[in-house]
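Open the structure in your viewer and keep the sequence beside it, since each stop on this tour begins with something to select.

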Amino acid sequence: MSRQTTTATGTNGMNTSGQPAGLVVAGLRKDYDGVSVFRDVSLTVAPGEFVAIVGESGVGKSTLLNCMAGLDDWDAGTVALDGVDIGRMDDSARARFRRERIGFVFQAFHVLPHLDVAQNIALPLMLLGARDHASDMLRVEAMLDAVGLSGLGARLPQQLSGGQLQRVAIAR
């Protein structure tokens, strides 16, 4: 990735208030000990658009994703989500922003085995603090339906297939 520029373009890149919509990465560069992991990475991902980042092991895909999510710092460029430049935030603000606005789906799913499927999906809602339980459960049911897992909310993770667990992680 260090010798190429990645560009993906969604719609017009603007939201209804005229601000950049979705994820906008411009000129991103990350170095370790003076060696570029990647440089000049620019892409726009529109709301609802799916983008795959592919490449050989060790080329910086995970580092790029960590930078785009505000988990890692970078050396040059900008990362903005819906017009909010996450590079200008301190660590606390980034953590709050991630908790409220960014979802992660890990290869290993990271579901909690002692919680049922619905509880695993509801976990981020609980972490947001005082919420309306009935409304949250409606959101969980809607997410289960959206990922094709309707009626499976009471099952434990060990009762699901690998593909179903991946969909639980996506719904969460």
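Begin with strand 1 and strand 2 coloured differently from the rest, and find Leu 23, whose bridge partner in strand 2 is Val 45. Before going further, bear in mind that what is on the screen is a predicted model.

**The whole chain**

Colour the chain by secondary structure, and 5 helices and 4 strands should appear. Followed along the sequence, these elements come in the pattern β-β-α-β-β-α-α-α-α. The chain has 172 residues, of which 33% count as buried. Among the contacts with a separation of 6 or more, 57% are between residues 24 or more positions apart.

**The sheet**

Now select the four strands together, which make an open sheet in the order 2-1-3-4 with antiparallel pairing. Strand 2, residues 35–45, and strand 4, residues 84–85, are at the edges with a single partner strand each, and therefore one side of each has no neighbour in the sheet. As background, the strands of a sheet are paired through backbone hydrogen bonds, in either a parallel or an antiparallel sense.

Return to strand 1, residues 23–32, which runs antiparallel to strand 2 and is joined to it by 7 bridges. Besides the pair already visited, look for Val 25, which stands opposite Leu 43 of strand 2. If you then follow the chain from strand 1 into strand 2, you pass through a hairpin with 2 residues between the strands, and in its turn Asp 33 has a positive phi of about 50°.

Strand 1 also pairs with strand 3, again in the antiparallel sense, through 5 bridges. Two residues to label here are Ala 26, whose bridge partner in strand 3 is Thr 78, and Arg 29, whose bridge partner in strand 3 is Ala 76.

Moving on from strand 3, you come to its antiparallel pairing with strand 4, which extends over 2 bridges. Ala 80 has Asp 85 in strand 4 as its bridge partner. These two strands form a hairpin with 2 residues between them, where Asp 82 takes a positive phi near 50°.

**The helix across the sheet**

Next select helix 1, residues 61–68, and turn the view until the sheet is behind it. Helix 1 lies across strand 1, strand 2 and strand 3, the last of these being residues 76–81, and runs at about 125° to strand 1.

**The largest pocket**

Which residues lie nearest the centre of the largest pocket? Select Arg 101, Ile 102, Gly 103, Phe 104 and Val 105, which hold that place among the 47 residues of the lining. The elements that give two or more residues to this lining are strand 2, helix 1, helix 2 (91–101), helix 3 (117–127), helix 4 (133–146) and helix 5 (162–171). About 2,300 Å³ of space lies in the largest pocket. If you colour its lining by class, you will find 30 nonpolar, 8 polar and 9 charged residues.

**The second largest pocket**

With helix 3 and helix 4 still in view, turn to the second largest pocket, to whose lining each of these two helices supplies at least two residues. Helix 3 gives the most, with 5 residues. To see the lining, select Ala 118, Gln 119, Ala 122, Leu 125, Met 126, Gly 129, Arg 131, Asp 132, His 133, Asp 136 and Met 137. By class, these residues divide into 5 nonpolar, 3 polar and 3 charged, and the space in this pocket comes to about 160 Å³.

**Two residues to finish with**

Stay with Asp 136, which lies in helix 4. Is Asp 136 buried or exposed? Its relative accessibility is 8%, and because the cut-off for buried is under 20%, Asp 136 counts as buried. Neighbours within four places in sequence left aside, Asp 136 is in contact with Leu 125 and Arg 131, and both of those residues also line the second largest pocket.

For the last stop, select Asn 120, which is found in helix 3. At 2% relative accessibility, Asn 120 counts as buried as well. Show the side chains around it, and, apart from neighbours within four places in sequence, the residues in contact with Asn 120 are Val 111, Leu 112, Leu 115, Pro 157, Val 168 and Arg 172.

Notes: Residues numbered from 1 in each chain as written. Predicted model: local features only at pLDDT ≥ 70, side-chain atom pairs only at ≥ 80, totals over all residues. Heavy atoms only, no water. Pairing = 2+ DSSP bridges. Contact = heavy atoms within 4.5 Å. Axes fitted to C-alpha atoms, helices over the stretch in contact; angles between N-to-C directions. 1 Å grid on protein atoms, 1.4 Å probe; cavity = no way out; pocket = protein on both sides within 12 Å on 5 of 7 lines; lining within 4 Å. Points joined across faces, edges and corners; volume = space filled by probe spheres on them. Nonpolar A, V, L, I, M, F, W, Y, C, P; charged D, E, K, R; others polar. Buried < 20%, exposed > 50% of the residue type's maximum accessible area, 1.4 Å probe, protein only.
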